[in-house]
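Please walk me through this fold in running prose, with the sheets taken before the helices that pack around them. I would like each term to be explained where it is introduced.

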Amino acid sequence: MIHASLTLDPAFRVGPVRRRTFGSFVEHLGRCVYTGIHDPSASTADEDGFRTDVIELTRELGVSTVRYPGGNFVSGYRWEDGIGPVADRPRRLDLAWHSTDPNTVGVDEFMRWSAKAGVEPMMAVNLGTRGIQEALDLLEYCNVPGGTHWSDRRRANGAQDPYRISMWCLGNEMDGPWQIGARTADEYGRLAARTASAMRMIDPDLELVACGSSSSAMPTFGAWERTVLDHTYDQVDLISAHAYYYEDEGDLTSFLASAVDMDHFIGSVVAAADQVRAAHKSAKRINISFDEWNVWYQRRAESKPPSGDDWPVAPVLLEDHYNVADAVVVGNLLISLLRHTDRVHAASLAQLVNVIAPIMTEPGGRSWRQTTFHPFAQASQLAKGEVLRVEASSPTYETERFGAVPVLDAVATHDEETGEVVVFAVNRSLDEELGLSVDLRGFPGLRVLAATSLSNPDHTWTATADDDASVAPVANASAAVADGTLTAALPPVSWNVVRLGR
Ligand code: AHR
C-alpha cells in the first residue's frame, strides 16, 4: 500500500460551495431533447410529454442550472420557430448536427420542464447566424412582464408571468471553425459587448457570459480571452470555458490525471482575465462559467453526425457509455471545479440525457444511471458550506501527457451550520491501494458518519439498462477517526467520499 496525507483546517477557505457548480446542459442534439427529456410515447410521460423518470433522475442527480438550447445548435437556431401551437411550427435543418428539428420543444416547453425538474435555466442566444435584435427579442419574450409584442406573445402562449431568466450566454464557442458564424476574437468581442449593452437596457441585472475558448488546445487560447474581455470587460460577468479533451485513448494513466489539465485551464483563464482587469484598472473581477465539461470519446462512431441527404430527427449521437474509470475522472474534474470555487462561479456537465450524459433513456422505454451519475450526485448532495484548501502530500506517478502527477487528488467542504466536513478524494493508481490519513486537529471531535468508494476490479465495467446498480458507491469500512486523524484505504482507480460529523 502507498500512503498520502492531507491537513484540514476551518481557516483554509477557498470560498463558498456554489450550487451553480452542479449545473448541466440540454442541447437540441441527438436524443437529448427528443426521446431524452421529452418523449410522449414513454409510459412515464406526463401531460406535457416530459419523461417523469428523467425528471426524477435529474432531481436525484442534484442538478442546479441547465444551459439551453446549445451548444453548436444555438448558432443556427431561430428561437421563434419553437413557440406557439406545435402543429404550426416549422421543421428545420439543424446544420450543426446534420439533423432535422421538428421544433416540438422550444423555450416555453423548456421553461415548463425546468420548473418541473427544479432547475435554474441558463439561456444561450444565437450570435452565429443572428445578432443583437434577435437576442433582444428573446429576452423580451422571456423577461418582460407584458404589454409589448414579444411579452404578449409569451402570455398568449400560456405563460402569464415573465420567466426572469438571470443567466445568459452570449453565443457558443465562437472561436471554433466548426461553429456556424465563427468569428475572430475581435469581431466576436465587439458583437458580444454590443449585445450585452443592449440586453442590459432591458434588464441591467442579467448575469452575462462571454464565450471563452472551446478548449485549452485551441491555437487562440489565452489570446482569445484577452481580446474578448478587452471588448466586454464592463458589460459581462463571466467568461466561459469548455473542456472535453478527456478520453482514454489507450493511456489510462494520463486519462486518470485529466484534472491536471482542468486545473491548468482554469489557472490560465483566471490569469488572462486578471491581466485585462489590470489593464482596465478595474475593481471588478470576471469569473468563469465552465459551462461544458465532461469525458467525451470524440473519435468514436457515435460522435459522427449523419451526412448527405440523411437529416434524421433525434439520431443516436454522442451516446458514450461510461465505465468506472470515466466516473473516477468525472469525480476528479468535480474536485478541480470545487477547489477553484473562488473563480469558477458556474459549471455545466455536458450534457444531461443520452448525449455524453449521466442519464440514459430508451426511446419510449427504460431510463438508467451511467457510472458518471454517482460522483456528480454525491458531490452535489454533500458539498455544502465552504470549500477548504487541503494541504496534500502524495506520492506521484509518471504520465505521458502531464509528467509526474500526484496519485491522490482531493478537496473538502465544511458546513459551519451542521459542523459536517466532507472529503472527496480519488486514487489514480491503477493497481495500488492508497492509505489516506487526514489531520483533523482543526476539527476536534469529528467521527465518520459515512464513507463510500466507487471502484471495481474491472474498471471498464459499464452500466446498461439491464444493470445500472451492481457497481455503485459502496460503504468503505476502513474509514475511521482516532486521535484526531482520519484514516481510510482507497482502492485503485476509485472515487471516494467521507462524511465526518459529531
Ligand atoms: O456538447 C457537445 C458540443 O460540444 C456542443 O454542442 C459544443 O458547444 C461543443 O463543442
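Pro-16 stands opposite Glu-386 in S15, and this pair belongs to a ladder in which three bridges join S2 to strand S15 (residues 386-388), the two strands running antiparallel. Helices (H or I, at least four residues) and strands (E, at least two) are DSSP runs that are numbered from the N terminus, and two strands pair if DSSP finds at least two bridges between them. The model is a predicted one, in which local features need pLDDT of at least 70 and side-chain atom pairs count only at pLDDT 80 or more, whereas totals for chains, interfaces and linings use all residues. Residues are numbered from 1 along each chain as its sequence is written, and side-chain values use heavy atoms, with hydrogens and water left out.

S2 and S15 are part of an open sheet of seven strands, ordered S2-S15-S19-S20-S26-S22-S23 and paired in the antiparallel sense. Its edges are formed by strand S2 (13-16) and strand S23 (474-475), each of which pairs on one side only.

Helix H9 lies across S2, S15, strand S19 (408-414), strand S20 (421-427), strand S22 (447-454) and strand S26 (494-501), and runs at about 55° to S19. Axes here are lines fitted to C-alpha atoms, for helices over the stretch in contact, and angles run from 0 to 180 degrees between N-to-C directions; contact means heavy atoms within 4.5 Å. Within H9 (residues 324-339) lies Asn-332, which counts as buried because its relative accessibility is 1%, buried meaning under 20% relative accessible area, exposed over 50% and partly exposed in between (1.4 Å probe, protein chains only). Leaving aside neighbours within four places in sequence, Asn-332 is in contact with Leu-256, Ala-259, Asp-409, Val-426 and Arg-428.

H9 also has a place in a second arrangement, since S11, H9 and S12 make a right-handed β-α-β unit; a crossover is right-handed if, with the strands pointing away from the viewer, the path from the first strand over the helix to the second runs clockwise. The two strands of this unit are themselves paired, with four bridges joining strand S11 (residues 287-293) to S12 in parallel, and Trp-293 stands opposite Leu-349 in S12.

Both strands belong to a closed barrel of eight strands, which runs S3-S4-S7-S8-S9-S10-S11-S12 with parallel pairing. Neighbouring strands of this sheet are turned by 30° against each other on average, direction ignored. On its other side in that order, S12 meets strand S3 (residues 23-25), with which it pairs in the parallel sense over three bridges, and the bridge partner of Phe-25 in S12 is Ala-350. Strand S12 (residues 344-350) is mostly covered, six of its seven residues being buried. Elsewhere in the barrel, strand S8 (residues 167-170) is joined by four bridges to strand S9 (residues 207-210), again in parallel, and Cys-169 stands opposite Val-209 in S9.

Two helix pairs can be followed next. The axes of helix H3 (residues 132-143) and helix H5 (residues 185-202) come within 10 Å and cross at roughly 30°, and H3 and H5 are therefore roughly parallel to each other, given that angles under 35 degrees count as roughly parallel, over 145 as roughly antiparallel, 65 to 115 as roughly perpendicular and the rest as oblique. The contact is made by Ile-132, Ala-135, Leu-136, Leu-139 and Glu-140 of H3 and by Leu-191, Arg-194, Thr-195, Ala-198, Met-199 and Ile-202 of H5. In the second pair, the axes of helix H1 (residues 52-61) and helix H2 (residues 107-117) come within 9 Å and cross at roughly 55°, which makes H1 oblique to H2. Ile-55, Thr-58 and Arg-59 in H1 meet Trp-113, Ala-115, Lys-116 and Ala-117 in H2.

Helix H10 (residues 373-382) is mostly covered, with eight of its 10 residues buried, among them Phe-373, His-374 and Pro-375. Leu-434, found in strand S21 (residues 434-439), is likewise buried, with a relative accessible area of 0%. Not counting residues up to four places away in sequence, Leu-434 touches Met-1, Ile-2, His-3, Ala-4, Val-407, Leu-408, Asn-427, Ala-488, Ala-489 and Leu-490.
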